[in-house]
Amino acid sequence: MVKVVLTADRTLLSGYNGHVFLGFAACAPKLLPEWLYTKIFCPPVEEENNRLKYAHCGQRKIEAALLKHGFREQDIAIVNSEKLHHVVNKETRVLGITTHDPLGLGPASSMFSDLMNKETYTASFFRKLMSHPLIRKYNLKVIVGGSGAWQLTDERIMAKYGIDCVVVGEGEITAVDVIDKAMNGDSFPSIVQGDVVPLEQIPLIHYPTINGIIEICRGCGRGCRFCNPTMLNYRSQPLEFILQEAKVNVDAGNGVLFHAEDVLRYKTKGFIPDEKEVLRLFTEVKKLTDRISFSHFAHASVASNPGLIVKISEELNVGSKTYPFMSGQAGVESGSPQLITRYMKGKAKPFTPKEWPEMILNSHQILRENHWVPVDTMILGLPGETPEDVRKSNELVQDLSDYRSLIIPLYFVPIGFLKDNHRFFRTKDMYAEHWQLFAACIRHSIKWAYALAGENLTATRMKWWKKAAIKQVIRIIDRRLDPYLKLMDEGINPRMQNT
Ligand code: SF4
């Protein structure tokens, strides 16, 4: 008798063929039909007894928090959103939904959908999930959380999708409380800010996660103005805790993927990596598995301790045939020290905003020598950005052209401390310089994506036809985009032209 069903839209319930960064594809507008997109990029997670064998890391934390709160195993199920009918019945009271980008308003998706005037896969699959007939049939209480919850904090949007409560921020205390109230028929707020969870109250996951993702730190502490304020609370898990979560995953056939906003700052008290703690993390987890990767790191951490990158790479044998390169997302954001000063001083630490462009190049040099490939982000349209600021970003992208990396352009999204007084950046706001910067980022990324797809895909166990299909998709995108990119190089909005 399952009382609480946890799910997410289809784009969050895939291992992306073991390549989490292919998850960026979900932020793209629907250029391929959904069936083809899911087949190539987004295959479903394996299931056992109608439950997901591997779940989203956030779902596993909520599941563990519910169990700690007193729910029984049989009360809870984490399921594929396309298979709700296998589990949901008249006993079910609550549907908990984890979201990342429910309306396609995230930085990458808002840019691509606005540019191409099409809905993203993220928004499309979320809409599909919310219209599932069983939600109405059994009058389920729908409680939504996750990193994309901020997009839904509007009573009209909630009414449109039939959402009873949106939990913004951390969920282990607040979402569990709301679920408990919903189960007991008590009232609960419709929009609620999640309490920051003290480190010792973050529960251990009981079951494996998609791609073995485990959260080693929560929060960040660098304080960028455009980031969620809850990121200010920086906490690192003890090694023993991490080893237990790693073991849960390794025993289930996974490798381990560390999630933190900057893995290199694990257990650090300031802004310079604590080499001893970071190396201990990698060496101890390596005793469980060779398959270790991570989600995010900061260029400032790389540049402030190049020796650490060398040692991690040696430990993991990065650059070998079986581990050709290490990858992770890192913020470049802008080439303009003025904008770094205004919006993200902390991101540069221990360096100064003035040193930012040089530090970024230095970091890429260190990464190249150690076979690391950053997935860089570049923000277009920070409030007050001038054409001169954009030219500086463009110069930086040109300087990075020989370094293996992807550079993903993103539109500025007003969240965090900039939420109330600023609006979304839109295609109509683009300067000629923005078009040139956008084209430079896309050319850079396509060039290196194609080269890396060849290298990395040969080292994976992905089926041959998928490897070929992914390379072919990159080639087609390159060919299709070329005439548009040529116009952008001239600073021209390609949508205003007949190409
Ligand atoms: S470095 Fe990243 S996670 Fe940290 S505050 Fe800045 S944007 Fe947020």
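The following exchange concerns the sheet and some helices of a predicted model.

Residues are numbered from 1 along each chain as its sequence is written. Because the model is predicted, local features need pLDDT of at least 70 and side-chain atom pairs count only at pLDDT 80 or more, while totals for chains, interfaces and linings use all residues.

Trainee: Which strands stand at the edges of the open sheet?

Mentor: Strands are DSSP runs (E, at least two residues) numbered from the N terminus, as are helices (H or I, at least four), and two strands pair if DSSP finds at least two bridges between them. The 6 strands pair in parallel, in the order β4-β1-β5-β6-β7-β8. Two of them have a single partner strand each, so one side of each lacks a neighbour in the sheet: β4 (76-78) and β8 (191-194).

Trainee: Which residue of β4 stands opposite Leu-6?

Mentor: Strand β1 (residues 4-8) runs parallel to β4 and is joined to that strand by 3 bridges. Opposite Leu-6 stands Ile-78.

Trainee: At what angle to β1 does helix α2 run?

Mentor: Axes are lines fitted to C-alpha atoms, for helices over the stretch in contact, and angles run from 0 to 180 degrees between N-to-C directions. Helix α2 (residues 57-69) lies across β1, β4 and β5 (94-98), and its angle to β1 is about 165°.

Trainee: How is the direction of α9 relative to α11 described?

Mentor: Helices α9 (residues 275-286) and α11 (residues 306-316) pack at about 10°, with axes 10 Å apart. Angles under 35 degrees count as roughly parallel. Therefore α9 is, relative to α11, roughly parallel.

Terms used:
Two residues are in contact if their C-beta atoms, placed from the backbone, lie within 7 Å. Angles under 35 degrees count as roughly parallel, over 145 as roughly antiparallel, 65 to 115 as roughly perpendicular and the rest as oblique.
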